[in-house]
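Me: I should like to learn how to read the features of a protein model. Could you guide me through one?
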Amino acid sequence: MMDQAEELRSILKRQNPIKSNARVITVTSGKGGVGKSNISVNLAITLKRLGKRVIVFDADFGLANVEVLFGVVPQYNLADLMYKDKGIKDILSKGPLEIEFISGGSGIQELTNLSIDQVHYLIQQLGEIDELADVIIIDTGAGISNSVLEFVIASSEILLVTTPEPTSITDSYALLKALNRNKGFSKELAQIKVITNRVSSENEGREIFNKLSTVSKKFLDLDLEFMGAVTYDLNLQKAVMEQRPVTMLYENSNASQDINNIAKRILDIEIQTPKKGIAQMFSRLIKLKLTK
Ligand SMILES: Nc1ncnc2c1ncn2[C@@H]1O[C@H](COP(=O)(O)OP(=O)(O)O)[C@@H](O)[C@H]1O
Ligand SMILES: [Mg+2]
């Protein structure tokens, strides 16, 4: 007799990953409050303006960040899909510029408690958003907790946000170290990109990246890639107070221009990894949780 975990694993192995070209970018950090949610929603807006179909997935279980910054209260979240027979389209909410987003809500923490049928349903439904998006941006909490770490491990493109604060840099390194130590993590498959936020100049941002990248290469044999810096900008803070993304409220502010440059750089980078789509990513995530 197979036990439930074993049966689930074999289903996940068999389940033909839906052929998808959706790029999944997971935004994370070592420390909280460094700008992940702002970068997630503003990148989404910028990528949308650049002609991409974008979906944002809010996977920060504690704080409902994306909805606050979009100024929209979603009716349903991932838990409603898993437990209340909602379909993926029911749990998509519309933010500015018609950008759709999914609120993970309590659904993320429940992933280990799902029955085989529920896992099947979840992965199949997520496969549908892979068809609706060119880019899926996942906003996570700070990556030191185990559940966030699993999310990051299951991702192919990781966008690590750090600030010039010494604690942010050391926590970023701690996150990379924890990733590297984890058995589920594959150096070859993961692409780790770095954004430095709240910098006084592009130069400062690059210097911070260089420091982090040098120690990561030397001690962890990890290659990091610089995506750019976002200026410390009071306009961004004002926009947060208004519950509007800075790229909409202050389109020409420094922060907005920086994010625009980063979005273009992200689009310039060819993806070589075969790990594509959010259905596959969740499939890996559930497998990771089951093999613990
Ligand atoms: N580039 C920036 N310039 C000025 N303030 C910023 C910038 N980025 C973030 N902040 C401030 O930091 C706060 C936390 O940002 P947030 O995106 O919620 O971080 P996280 O999601 O990492 O916890 C914001 O509400 C804003 O006040
Ligand atoms: Mg956040």
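**Positive phi and exposure**

Reply: Let us begin with one loop residue in this predicted model. D85 has 9 other C-beta atoms within 10 Å and is therefore exposed, since a residue counts as exposed at 12 or fewer. D85 belongs to the loop between α4 (78-83) and β3 (92-94). Its phi is near 60°, a positive value in a residue other than glycine.

Me: R198 also has a positive phi; is R198 buried or exposed?

Reply: R198 counts as buried, because it has 21 C-beta neighbours inside 10 Å. R198 is not a glycine, yet its phi is about 60°. This residue is found in strand β7.

Me: How is a sheet described, and in what order do the strands of this open sheet stand?

Reply: Strands of a sheet pair through backbone hydrogen bonds, in either a parallel or an antiparallel manner. Here eight strands form an open sheet with mixed pairing, and the order is β3-β4-β2-β5-β1-β6-β7-β8. The edges are held by β3 and β8 (224-231), each of which has a single partner strand, so one side of each is left without a neighbour in the sheet. From one strand to the next, the twist averages 25°.

Me: Which residues of β2 lie on one side and which on the other?

Reply: In a regular strand the side chains alternate between the two faces of the sheet. In β2, V54, V56 and D58 are on one side, I55 and F57 are on the other, and all are buried, so that both faces are covered. Five of the five residues of strand β2 (residues 54-58) are buried, which means that this strand is largely enclosed by the rest of the structure.

Me: How many bridges join β2 to strand β4, and how many pair β2 with strand β5?

Reply: Four bridges join β2 to strand β4 (residues 100-103), and these two strands run parallel. Within this pairing, I55 stands opposite E100, and D58 stands opposite S103. With strand β5 (residues 135-142), β2 pairs in the parallel sense over five bridges. The bridge partner of F57 in β5 is I138, while that of D58 is D139.

Me: What can be said of β5 itself, and which strand does V27 meet there?

Reply: Seven of the eight residues of β5 are buried, so this strand is largely enclosed by the rest of the structure. Strand β1 (residues 23-29) runs parallel to β5 and is joined to it by six bridges. V27 stands opposite D139 in β5.

Me: How should I describe two packed helices, taking α2 and helix α11 as the case?

Reply: Two packed helices are described by the angle between their axes and the distance between the axes. The axes of α2 and helix α11 (residues 254-268) come within 9 Å and cross at roughly 70°. The two helices are therefore roughly perpendicular to each other. The crossing in which α2 passes α11 is right-handed.

Me: Which residues come nearest to ligand 1?

Reply: There are 18 residues around ligand 1, of which G35, K36, S37, N38 and V240 come nearest. The elements that give two or more residues to this shell are α2 (36-49), β7 (191-199) and α9 (234-241). By class, the shell has six nonpolar, nine polar and three charged residues.

How values were computed. Residues are numbered from 1 along each chain as its sequence is written. Chains are lettered from A and ligands numbered from 1 in the order in which they are written. This is a predicted model: local features need pLDDT of at least 70, side-chain atom pairs count only at pLDDT 80 or more; totals for chains, interfaces and linings use all residues. A residue is buried if 20 or more other C-beta atoms lie within 10 Å of its own, exposed if 12 or fewer, and partly exposed in between; C-beta atoms are placed from the backbone. Two strands pair if DSSP finds at least two bridges between them. A residue is near a molecule or strand if its C-beta atom, placed from the backbone, lies within 6 Å of it. Ala, Val, Leu, Ile, Met, Phe, Trp, Tyr, Cys and Pro count as nonpolar, Asp, Glu, Lys and Arg as charged, and the others, Gly among them, as polar. Axes are lines fitted to C-alpha atoms, for helices over the stretch in contact, and angles run from 0 to 180 degrees between N-to-C directions. Angles under 35 degrees count as roughly parallel, over 145 as roughly antiparallel, 65 to 115 as roughly perpendicular and the rest as oblique. A crossing is left-handed if the near helix is turned anticlockwise from the far one by less than a right angle, and right-handed if clockwise.
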